[in-house]
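Let's take a walk through this one together. Pull up the model and keep the sequence to hand.

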Amino acid sequence: MGKKGKEKKKGRGAEKTAAKMEKKVSKRSRKEEEDLEALIAHFQTLDARKTKITETPCSPPSARLNASLSAHPEKDELILFGGEYFNGQKTFLYNELYIYNIRKDNWTKVDIPGPPPRRCAHQAVVVPQRGGQLWIFGGEFASPDGEQFYHYKDLWVLHLATKMWEQVRSTGGPSGRSGHRMVAWKRQLILFGGFHESARDYVYYSDVYAFSLDTFTWSKLCPVGPGPTARSGCQMSVTPQGSIVIYGGYSKQRVRKDVDRGTQHSDMFLLKHEEGGEGRWVWTRIHPSGVKPSPRSGFAVAVAPNHQILLFGGVCDTEEEESLEGVFFNDLFFYDATRNRWFTGQLKGPKLEKKRRRRGGAEEHTDADGHEHGPAGAPEPLEVVKEVVAEDGTIVTIKQVLRAPSPVGPSPSKDEDGVLESSSPRIEPCPRSSAMVAVKHGLLFVYGGMFEAGDRQVTLNDLYCLDLHRMEEWKALVEMDPKTQEWLEETDSEEDSSSAKGPEGGDDDQDEDSEESEEEGKEPRHPEVAPGQQCEDYLPRTEQHWLKLTRDSKEGKAPEAAQAVARTFFDDSVQGTGGASSEVAGQ
């Protein structure tokens, strides 16, 4: 009795602490969000110029992470929305909508009037109602310098049959947040967790909300039982039995002034709606068997065939007081809710290799360097060394230590048809976090994401596909060309980021002007136009660069001047006549 009372008081104390922290964050972030609202309003003004639906065939979308990739419920299509990109100095946010046709292997950019504001780290859920609907909640917008954040609490629906955006306004919903998770459960959207961050403080959530797709109303759920602690970026999926499973996630807490400690969770919970109990939900902690994923965050989740839950990639961060190092992954794990068991995804290898090996038996093979090896035995930990060529010609060496892969296919001692590793390089997505994944007709698609190379962040725009029924090999549908990756060094970003702070960075413009005068006569380096890239794709990606370039234009016409200069540079680049001059900034 006494122990139960203490636990109850402890729970109330934790709730009070969380409430105080949320109030504190809300107060301090209000000023930041007011500043960012003006920038968001400017972008929405640009979006308001779209008066009709246009569908334009295009090259693959630019590099990004923390976007959403969803499978169309009725068509052989994938839907990509939003995301972010960081070039070393500036953060870019998107609200572009792309459609990937799986059968035709081509991309289409769809411009629709009145889209949601630019965002990343939101949640998107597809439901089959009325020809298909894409529901989007929350996410965040960041200032160009990445120091200020605006967290959305809006709810949008894209009607896929008519290609119309609609903002659904309903009170009583979750507070502004990003990194939350949302799933479709029966005729409801169930939302869990997330976080809200300002320049000084942050708060993580463990609350649960439900949105009715019939009444268009929010309700806060109050599940009983021991549930997960506050976190973001977890796995949230619906099981075949109708429950909702939560796995992992990330949170951080302040251990002392200006020192935070992150936690990569690896616990697992089941959220179940009790039969006969109207509105009653119950949390239960579960302990699955099998081979669980190693601790990580930033992984991507999808539902595989036969309702198994798929987990791909992620990063395991090792935090020191003044440093943060991450090991990135590209492995696959599956969770079978029926058996409450984890298992790894093992590729069998291509069929062609099977037949050749059957004829030749367990022969020695030669790797890409010409070294001979005997039959595959217990694999050793693998150190992968990759070289990325930057835009300026410098070569960045990336060392990645991967744990030893499991033997591919059945053991040769048991089955002579077992698959031995091919001598040709294996095609697979490189290790990454914050990628986008979707499953359609048993095919897993992995798009974009990021990994780190020292102080450099490499953002990806590649696209890979894996047949989950055959589990033979990855196919590269869009390969990443590192030469098109824009990266600006930190020494330059210090002066650029100061001018991106909005009202609070005012006096720094004069310092920049004096520095620019010292480099007078030098042509500024502009973002490159990727091969085959359309102007409509180039302008949003490089918008902040041109806005900065024309920030001193008179009569407040910087956005118009920026677009004019950008289009001129794009046209000149395509025609091979050089670049646009930055002298128009003072006109």
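Is F192 buried or exposed? Keep in mind that this is a predicted model, and that a residue counts as buried when its relative accessible area is under 20%. F192 comes out at 1%, so it is buried. Its ring partner is W283, and that residue is buried too, with a relative accessible area of 6%.

Now look at how the two rings meet. The centres of F192 and W283 lie 5.9 Å apart and the planes make an angle of 70 degrees, so this is an edge-to-face pair. F192 belongs to strand β15 (residues 188-197) and W283 to strand β21 (residues 281-285), so the contact ties together parts that sit 91 residues apart in sequence.

That's one of 27 aromatic pairs in the structure. Another joins F81 and W165, this time tilted, with 5.4 Å from centre to centre and 55 degrees between the planes. F81 is in strand β3 (residues 77-81) and W165 in strand β13 (residues 164-167), so here the pair ties together parts 84 residues apart in sequence. Both F81 and W165 are buried. Elsewhere, ring pairs link W135, F137, Y209, F211, F216 and W218 into a cluster.

Rings also have charged company. The charged end of R64 sits over the ring of Y94, 4.2 Å from its centre, and the charged end of R118 sits over the ring of F43, 4.0 Å from the centre.

Next, the sheet. Five strands make up an open sheet with mixed pairing, in the order β22-β26-β25-β24-β23. β22 (289-290) and β23 are at the edges with a single partner strand each, so one side of each has no neighbour in the sheet. Further in, β24 and β25 pair in the antiparallel sense over 10 bridges. To find your place there, look for E319, which stands opposite L324 in β25.

Some of those strands turn up again in the largest nonpolar core, which has 18 residues. The members touching the most others are L310, F312, L332, L444, L466, L468 and W474. Elements giving two or more residues to this core are β23 (300-303), β24 (309-319), β25 (324-336), β31 (436-440), β32 (443-453) and β33 (456-467). L332 makes a good viewpoint: setting aside neighbours within four places in sequence, L332 is in contact with L310, L311, F312, T344, G345, L444, L466 and W474. A second, separate core has 16 residues, among them A438, Y447, L463 and V478.

Note on methods: Residues numbered from 1 in each chain as written. Predicted model: local features only at pLDDT ≥ 70, side-chain atom pairs only at ≥ 80, totals over all residues. Heavy atoms only, no water. Core = buried A, V, L, I, M, F, W, Y, C linked by side-chain atoms within 4.5 Å. Buried < 20%, exposed > 50% of the residue type's maximum accessible area, 1.4 Å probe, protein only. Helix = DSSP H or I, 4+ residues; strand = E, 2+ residues; numbered from the N terminus. Contact = heavy atoms within 4.5 Å. Pairing = 2+ DSSP bridges. Phe/Tyr/Trp six-rings, centres within 6.5 Å; stacked < 30°, edge-to-face > 60°. Lys NZ or Arg CZ within 6 Å of the ring centre and 35° of its normal.
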